[in-house]
Amino acid sequence: MRAGGSYALDREGNRILQFPIFEKGAGDYAKAMLFGKWSGDTAQDYIDRGFKGLNAKETAAYEEMRDKLGVAPQDAYEAVLSLRGFEAVKDAEGNTVQGVKEQQRLALLDNDKLTAAQKAALDKAVIVSGEDEMPADYSDRTAFLLSKYIDESRQDAARGALESGLSIDQFAQWDDRRRALENEKGADDKKVRTDAEARLLVLDEVMQDTGLTDAEKQAVADYVLISSIGEEDEKTRKNWNEIAKGKVNATDFVRFQADAAIYDKWAKGSGTDNADNVADILRGYDSLTDEQRDVLFQTYSSSMSRNPFHVSEYEKTIDQNGTFYAALTGDGKARVRSLLNEYEQHINEGRELSEWRAKAYMAEKEAGISPATYAMYRVALETANTDNKGNPRTTEATACVRAMDGLTQQQRAYLWQSTNTSWKKNPFGAATVGDYQSGEETGINPIAGAQITSDFGPRESFQTDNGAMSSSLHPSIDLAAPEGTPIGAYKSGKVVKSGWSEGGYGWVIEIEHSDGTVSAYHHMMEKSAVPVGTEVKQGETVGKVGQTGNSTGPHLDLSILRDGTPIDPATMIPEFKDKATGYVWDGSSVYTTVTSGSGKSSGGGSSGRSSGPQRPQRPKRPSRRR
């Protein structure tokens, strides 16, 4: 009773426990004294086991757990006994499927009365059999199970599958099935199918398995099939992770990759139009939206011009009710889409532009003509071109320009001239078309088609509607436009100021640009400006024309500053290069003429004008050049 059990010695003289004694109350002592040590329940269990107690190794483990690791004696004893009685599990061919140690460790893992450290100690004492062998890590159940059932190379994928709702058994089942189909060989000892075909067969089986939920089917497709794509097809895995994941179902991705691979194998060397045929494959997937078809097509081809499902940001700006666009046939609209997709891809990838793309780029920068309009104009020229050599006549260009919707007279003149800069007698008026310039953005007119109504430099002062006197020093240009007209950023940049100004400018916004300039937009409609911190692209709407502050009517007062000093905006915007006055502000209350220029207001009828502050000065900002 005092020893906590009945002990004996084995043949080597090691101390072994025959049976433990857990209860040590007065009644237990009395019972033992009256009826002997064999009267206890544990003694009877020992007899029932054929007088087989713990061996020396088990005895040492039991005593360590009881005396040093704080395990209750009964829990320690039962834990040791739970590791007994296992035999290796073998398959029909006699191969070991599950060894004794693996079964012991699984039993230990499921013991909810021991801590991870206690389990590891018992493992080391009883299960470990060699100096190089380590006990299992019982601190992470998932890691333990993965290490026992899943090949090391597949454990990361299995962990992802578990997080998505699959069990380890489900992952192992489908991963084994995939591997079997991939490795199956014919009579010639060669693989009977490609890996892509094997994945497709597994997918078909998965989709027909009524025991799997839809979420589990997606998890099998992602973590069993997609994750198994080998390093030789790294592009496919990259396409999934960077293009398709989160936008299309894993099952649709696997099916399309397999169908595309089978098609490529069939079409190799045939000279067929792969893009069109692959698009037809995607059209056959009835459950997909065009947005999903777009994503899948991108995993097959990086050429956006051949992607019939992609809708570029430029195409989204087209007025669907416009006369020209509405009259286009399906092929015509497809051609517009192709051109705009091509243009968008070149812009997004930062490529140098050439041919019509360069013209479209400059048309937007110099005349505010959208790429969508330019693409439609190009389609119109292709349709009207009678010599079929891409050399339109002036009469054809004139008709095509007139077919475009929503252009000002100046934009029509620019569009006509951009077709061939050597043409004379522009029917829409004089227009100067600049050469393509890549790299740093050139400034654009913040209000497409708007004219300057008050130049940069000295001018006659005047009284505004609210009685304020205008400054005779005008550090800006005024652009006439109806109230509510959208104002676009003259260059890309970051909004650094937005709100009401106390200097007579009313509601304003300021944008800092990468070339060190800051553009300021004054007298906007109240609360129409985008907030501070917004990153804006060139031409993106940042507010609306208004007449807040000291103003005679709705218009935009545009200032451009470099290191805090106002400069003539007309020198920064090619569209207004002929309107530059030649004045510079020298930091005092006067302007200096450095080139020829009138410095007078260009007039402008009834358009509004701004009074501005008494001195054309702003807080200086550090130059941020890149």
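Two strands pair if DSSP finds at least two bridges between them. The views below show a predicted model.

**View 1. Strand 10 meets strand 11 in a hairpin.** Strand 10 covers residues 493–501. Seven bridges join strand 10 to strand 11, and the two run antiparallel. One bridge pair to find is Lys497 with Glu510, the partner in strand 11. Four residues lie between the two strands. Gly504 sits in this turn, with a positive phi of about 95°.

**View 2. Strand 11 turns back into strand 12.** Strand 12 spans residues 517–524. Strand 11 and strand 12 pair over five bridges, in the antiparallel sense. Look for Ile511, whose bridge partner in strand 12 is Ser519. This hairpin has four residues between its strands. Gly516 is in the turn and has a positive phi of about 95°.

**View 3. Strand 11 is largely enclosed.** Strand 11 takes in residues 506–512. Seven of its seven residues are buried, so the strand is largely enclosed by the rest of the structure. Strand 11 pairs with strand 10 through seven bridges and with strand 12 through five. In a regular strand, side chains alternate between the two faces of the sheet.

**View 4. Helix 5 is mostly covered.** Helix 5 consists of residues 100–109, and seven of its ten residues are buried. The buried residues are Glu102, Gln103, Gln104, Arg105, Leu106, Leu108 and Leu109. What lies over them? The cover includes strand 3 (89–90) and strand 4 (96–98). It also includes helix 6 (116–127) and helix 7 (141–149).

**View 5. Helix 13 packs against several other helices.** Helix 13 has 18 residues. At 1.5 Å a residue, helix 13 should span 26 Å; its end C-alpha atoms are 25 Å apart, which agrees. Its buried residues include Ala250, Phe253, Val254, Phe256, Tyr263 and Ala267. Thr251, Asp252 and Gln257 are also buried. The buried residues of helix 13 pack against helix 10, helix 11 (214–225), helix 12, helix 14 (274–283) and helix 15. Gly269 follows helix 13 and has a positive phi, near 80°. An α-helix has 3.6 residues a turn, so residues three or four places apart point the same way.

**View 6. The second largest pocket holds about 510 Å³ of space.** Its lining counts 20 residues. Closest to the centre are Asp233, Thr236, Gln257, Ala261 and Asp264. Helix 10 (195–208), helix 12 (234–244), helix 13 (250–267) and helix 15 (290–300) each give two or more residues to this lining. Helix 13 gives the most, with six. By class, the lining has six nonpolar, six polar and eight charged residues.

**View 7. The largest cavity contains about 50 Å³ of space.** The structure holds one cavity of 30 Å³ or more. Which residues line the largest cavity? They are Ala196, Arg199, Ile226, Ile229, Thr236, Phe253, Val254, Gln257 and Ala258. Helix 10 and helix 13 each supply at least two of the lining residues. Helix 13 gives the most, with four. The lining divides into six nonpolar residues, two polar and one charged. Phe253, Val254, Gln257 and Ala258 are also among the buried residues of helix 13. Rolling a probe the size of a water molecule over the atoms shows where empty space is left.

Definitions and conventions. Residues numbered from 1 in each chain as written. Predicted model: local features only at pLDDT ≥ 70, side-chain atom pairs only at ≥ 80, totals over all residues. Heavy atoms only, no water. Buried < 20%, exposed > 50% of the residue type's maximum accessible area, 1.4 Å probe, protein only. 1 Å grid on protein atoms, 1.4 Å probe; cavity = no way out; pocket = protein on both sides within 12 Å on 5 of 7 lines; lining within 4 Å. Points joined across faces, edges and corners; volume = space filled by probe spheres on them. Nonpolar A, V, L, I, M, F, W, Y, C, P; charged D, E, K, R; others polar. Contact = heavy atoms within 4.5 Å. Expected span 1.5 Å × (residues − 1).
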